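Me: I'm new to this structure and would like a close look at one part of it. Could you take me through a single helix and then show me what else is around to explore?

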Amino acid sequence: MALPDGHTADVVQLHKPDRAAAVVDTATDDTEEVLEGEIVPVAAAGPVDVRPDTLSEMTAAARMAGYRAMEIVKRPDVVAAAVLRHELRYGVPGALRCLGMFWQWVCARELDAQLATNPRLVLDVRQTRKKAAASTAATVAAGGAASWVLLSPLVPVAGLLLVLALTGAAERRYLASLRGGADTGRKALGTHPGSKAVRRAVADAKLGKADDIRVIGPITRVAGAWEAMVELPAGTTAKHAAKRRAELASSIGVDVVQLAVDPVKGHAGRIGLWVADTDPMQGDAVTSPLVNRRDPVDFWTGRVFAGRDARGRAVEFSLVERSYLIGGEPGGGKSVAANNVLAFAALDPYVELWLADGKGGFDLADWEPVAHRVLERPEHGLIMSMVADLQEEMARRYALLRKAGERKLTRDVAARLGLHPIVFHVDEIQKFSLGDGDAKQGKEFITGIADLVGRGRAAGMITGTITQRPAADVVPTRLRDILSIRWALRCTTPDASDTILGSGRAGQGYSAAVFDATQRGAGYVLAEGADPVQTRSAYLSDDEVAGIARRAYALREEAGTLPATADRPDVRLLTAVLDAMGRHPKGAHTAEMLPALTRRPEFGGWDAAKLAGALKPLGVTPRQVDLDGRNRNGYRRDDVTSALDRL
Ligand SMILES: Nc1ncnc2c1ncn2[C@@H]1O[C@H](COP(=O)(O)OP(=O)(O)OP(=O)(O)O)[C@@H](O)[C@H]1O
């Protein structure tokens, strides 16, 4: 898995053979040679788990064994207590279980079914077994008593302890089988594998014979993972190995998301294996640097922080001259991913946001106060008018650029000509691309969007599309192929993942279908490198999104770039009311939204009557609003948004 250019590497990279030697030089004696596959500490700065070399490890183990032996000699009582504990905990229940089974045998329980048809046989067998049991018990008792008297009481006691040890061992096996089946499965390579085990695992993944596979340099421990550089048999390529990532993960004994198979620059037959000890797509959520950012971002030089790759390195991309496609199954984390992009764009006060939501829901509601244009309803005619306006703007921009003798929009040209970037964000694109069943309308929309994507880049117009139905009819190949940033969140099938990342990607080992619902925000980002990067998106909670949107509003207010309509007092009032309503889709009770509204200096000290008086001329009146069974005086969200639409 190659890291796209420009990604920040927080951890040490795979060692090339020459670097490996250098690493060891710093960690061990100058003259000491590194064994093939030996695990050595990485001498670079950073979160490295230092492991002693094999020789000192063996010495330490021998010293520990000697120390333990001395302890046993010194404290036999401790050993005896441990043995006794084991005998009591497992030996006694095991012995009772064995006695129970013996009694079943004596009573010939397996013949119970024949009692009705052949009672004679059953009774005879029982009789014989009872006699055998009685004579065995008598022999054991006599033998025990004789050895007690004639030899030593230690003999029967030792015998009893031996029996308890055996029944204890049987009991442990039995309990283990109850827990996870008696068959514990193949042993995984673990966290500190040797080179032989690594070679065998690579061979088991059908990448050649173990003897023809080499582990180049040391196997290193790096921040919760091990790394090794492997040379494949002559003629086998790193590309081929990447395709067999799932098989490799299986032979190593880890989940496929724990394994990265990287090509090695300068040798097509070598791969870097990176194997995480635990699932890197789970655990604490990734934090976005935008959550606490106070300054505006710069669209031209800044990069969207998408999240972190499996090794914890930042995954970022620039939006300049780009377009994006985010897709995945419902609940896959698309809104969170999209919010990372929108937050970045919104925090540059000079970026114009054009928002269209095919769901017509509230997913984009937080960004609406800073948006230049918002689609009123998810209807073909309305979205096409938005597309047409953008095409017109594109034509205007190209005319201005031509006049200024510029080929494309850059930071300087944008400032000089007053042409600031536009981000056109279309959520749930399937609503428009399928044309609500009218193929002609769908085609018209796709043609318009493809035109914006294809020609808009150089004019500073970025188009982004989101879909929860990644399928060829929703995002046709001709559109997908020109969307340059592709972000595939959890998908149901490798085909769906390929619809986003590009055909054949799943076959190459990059499939968002490998993630499950517990790996929230996990996906593949194909942005700046040649290959997709397994990424966990930065998590933005609803409150964090609302907070960023508020900051974006303030930054735009300060820069004087708020959408023209937002500067009107009545628009400001309605957007403030919407903001104060919180997240309930129906609306809010007056008593609950007033504190949030009056926190804004503009509306400080307002009471319910003043609010009602100000909203009345805009066509919004208070009424009884039933919110989850609580019916009180308040405002309906629909009323406020309709008033905004009218304005
Ligand atoms: N990076 C992440 N880290 C932690 N949790 C996440 C992350 N991304 C998403 N989630 C969680 O997954 C859930 C679904 O996320 P989200 O709403 O973004 O999915 P979606 O694909 O937009 O869903 P839908 O298609 O239904 O709109 C959210 O409740 C969120 O808490």
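Reply: Here is a walk through one helix, followed by the nonpolar cores and a hairpin.

Keep in mind that this is a predicted model. Let's start at helix α15, which covers residues 494-501. Six of its eight residues are buried, so the helix is largely enclosed by the rest of the structure. If you want to find them, the buried ones are Ala496, Ser497, Asp498, Thr499, Ile500 and Leu501. And what do they pack against? Their neighbours are strands β9 (324-327), β14 (485-489) and β15 (522-526), along with helix α14 (477-480). Just after α15 comes Gly502, with a positive phi near 120°.

Now for the cores. The largest nonpolar core has 121 residues, and the members touching the most others are Val230, Ala345, Ala346 and Leu353. Helix α9 (residues 334-346) gives this core its largest share, nine residues. At least three residues come from each of domain 1 (17-51 + 192-276) and domain 3 (304-545). Leaving aside residues up to four places away in sequence, Val230 touches Val198, Val202, Ile213, Val215, Arg270, Ile271 and Leu273. Another core lies apart from the largest one, with 17 residues including Ala580, Ala588, Val620 and Leu644.

Last stop, the hairpin. Strands β18 (residues 623-627) and β19 (residues 630-636) pair in the antiparallel sense, over five bridges. One of the bridge partnerships links Asp626 with Asn631 in β19. Two residues sit between the strands, and Asp628 in this hairpin has a positive phi near 50°.

Technical notes
Residues numbered from 1 in each chain as written. Predicted model: local features only at pLDDT ≥ 70, side-chain atom pairs only at ≥ 80, totals over all residues. Pairing = 2+ DSSP bridges. Helix = DSSP H or I, 4+ residues; strand = E, 2+ residues; numbered from the N terminus. Buried ≥ 20, exposed ≤ 12 C-beta atoms within 10 Å, placed from the backbone. Contact = placed C-beta atoms within 7 Å. Core = buried A, V, L, I, M, F, W, Y, C linked by C-beta atoms within 7 Å. Domains from an automatic or database assignment.
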